[in-house]
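Work through the exercises below with the model open in a viewer. Each task is followed by a solution in steps.

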Amino acid sequence: MTRIRELPLHEQPAARLATTGPAALSDAELLALVAGQDDLAVCAATLQACHGWVGLLRADLASVTASLGTPRRATHLKAALEIGRRLTLASYDDRLQIRCPTDIAQVLMVEMLALDQEELWVACLDTKNRVQKLARVYRGSVNTALVRVGEIFKEPLRINSTAIIIGHNHPSTDPTPSPEDILLTRQLVEAGKLLDCQVLDHLVVGGNQYVSMRERGLGFAT
């Protein structure tokens with residue numbers, strides 16, 4: 001029995017949520033409630049086809065609509081997933097202080113979770129390594145041929161940042177830095193010295209993983 005309306009009332013997801021809380025529900029049941037889909041088998045198949053919630057966040061509206069049956073269900077789901085993403089970002093203070101790569105990596109991983117192409121972001125930091133601003137600088141292929149060093153430092157210099165952390169994603173979800181990533185890092189580190197705006201790190205994000213290029217000694221002087 002996979003249709004919610006055919007279940008006894010006390011076994012239906014909404015009733016169980018009211019009595020035992022949302023944590024007691026399966027992913028398929030939560031999806032059914034958010035999307036208004038009565039068939040739990042459809043919800044389970046949708047989650048499996050998209051490889052879970054992250055895949056649903058990344059999937060385009062047309063494919064989600066095809067899985068769930070109607071545009072209304074798909075838009076409700078997309079809205080709920082975006083609320084979840086924004087809630088996660090809201091848990092970080094506006095003046096987040098960076099003490100280790102993980103501090104900023106957690107923010108970048110949420111920001112970049114649903115991206116289907118490369119983006120390069122700059123975290124502008126003050127004298128206490130608190131984030132002044134997180135700005136997207138490039139969208140598309142991130143390589144030394146296309147990225148202008150001056151463009152990356154433009155916003156940090158405008159707001160008098162003393163340091164920056166660069167972050168970009170690999171949509172393949174493999175965060176292994178490429179030779180181009182290493183070369184770009186080296187160029188940015190040297191430019192930062194000239195501009196009196198230190199490059200503290202360059203993070204490569206892939207899904208829920210990241211690589212700190214400073215920790216790996218890639219592009220930074222040992």
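**Exercise 1.** Does Glu155 count as buried or exposed, and at what relative accessibility?

*Solution.* The model is predicted. Begin by locating the residue: Glu155 sits in helix 8, residues 149–158. Next, take its relative accessibility, which is 18%. The cut-off for buried is under 20% relative accessible area, so Glu155 counts as buried at 18%. Finally, list its partners. With neighbours within four places in sequence left aside, Glu155 is in contact with Cys124 and Lys133.

**Exercise 2.** State how many helices and strands the chain has, and what share of its residues is buried.

*Solution.* The secondary structure consists of 10 helices and 5 strands. The chain has 222 residues, of which 44% count as buried. For the overall dimensions, use the principal axes: the C-alpha atoms fill a box of roughly 70 × 35 × 30 Å. Then turn to the contacts between residues at least 6 apart in sequence: 58% of these join residues at least 24 apart.

**Exercise 3.** Find the salt bridge of Asp38 and describe which parts of the chain it links.

*Solution.* A search of the whole structure gives 14 salt bridges. In one of them, Asp38 pairs with Arg3, and the closest N and O atoms are 3.8 Å apart. A salt bridge requires these atoms to be within 4 Å, so the pair at 3.8 Å qualifies. Now place both residues. Asp38 belongs to the loop between helix 2 (27–35) and helix 3 (40–50), while Arg3 belongs to the segment before helix 1 (13–20). The two are 35 residues apart, and the pair links distant parts of the chain. Last, compare the accessibility classes: Asp38 counts as buried at 18%, whereas Arg3 is partly exposed at 30%.

**Exercise 4.** Give the N to O distance in the salt bridge of Glu190 and Lys193, and say where both residues lie.

*Solution.* The distance between the two side chains is 3.4 Å, N to O. Both residues lie in helix 9 (residues 179–195) and are 3 residues apart, about one turn of the helix. Glu190 is partly exposed at 42% relative accessibility, and Lys193 is exposed at 56%. Elsewhere, salt bridges with shared partners join Arg3, Arg5, Asp38 and Asp39 into one network.

A further pair can be treated in this way. Arg148 and Glu151 form a salt bridge in which the closest N and O atoms are 3.3 Å apart. Arg148 is exposed, with a relative accessible area of 53%, and Glu151 is partly exposed at 31%.

**Exercise 5.** Describe how helix 5 and helix 6 cross, and which residues meet there.

*Solution.* Two packed helices are described by the angle and the distance between their axes. Here the axes of helix 5 (residues 61–68) and helix 6 (residues 71–90) come within 8 Å and cross at roughly 120 degrees. Perpendicular runs from 65 to 115 degrees and antiparallel starts over 145, so helix 5 and helix 6 are oblique to each other. Their crossing is right-handed.

For the residues, take each side in turn. Helix 5 contributes Leu61, Val64, Thr65 and Leu68, which meet Pro71, Arg73, Ala74, Thr75, Leu77 and Lys78 of helix 6. Sorted by class, the residues of this contact are 6 nonpolar, 2 polar and 2 charged.

Notes:
Residues are numbered from 1 along each chain as its sequence is written. This is a predicted model: local features need pLDDT of at least 70, side-chain atom pairs count only at pLDDT 80 or more; totals for chains, interfaces and linings use all residues. Side-chain values use heavy atoms; hydrogens and water are left out. Helices (H or I, at least four residues) and strands (E, at least two) are DSSP runs, numbered from the N terminus. Buried means under 20% relative accessible area, exposed over 50%, partly exposed in between (1.4 Å probe, protein chains only). Axes are lines fitted to C-alpha atoms, for helices over the stretch in contact, and angles run from 0 to 180 degrees between N-to-C directions. Angles under 35 degrees count as roughly parallel, over 145 as roughly antiparallel, 65 to 115 as roughly perpendicular and the rest as oblique. A crossing is left-handed if the near helix is turned anticlockwise from the far one by less than a right angle, and right-handed if clockwise. Contact means heavy atoms within 4.5 Å. Ala, Val, Leu, Ile, Met, Phe, Trp, Tyr, Cys and Pro count as nonpolar, Asp, Glu, Lys and Arg as charged, and the others, Gly among them, as polar.
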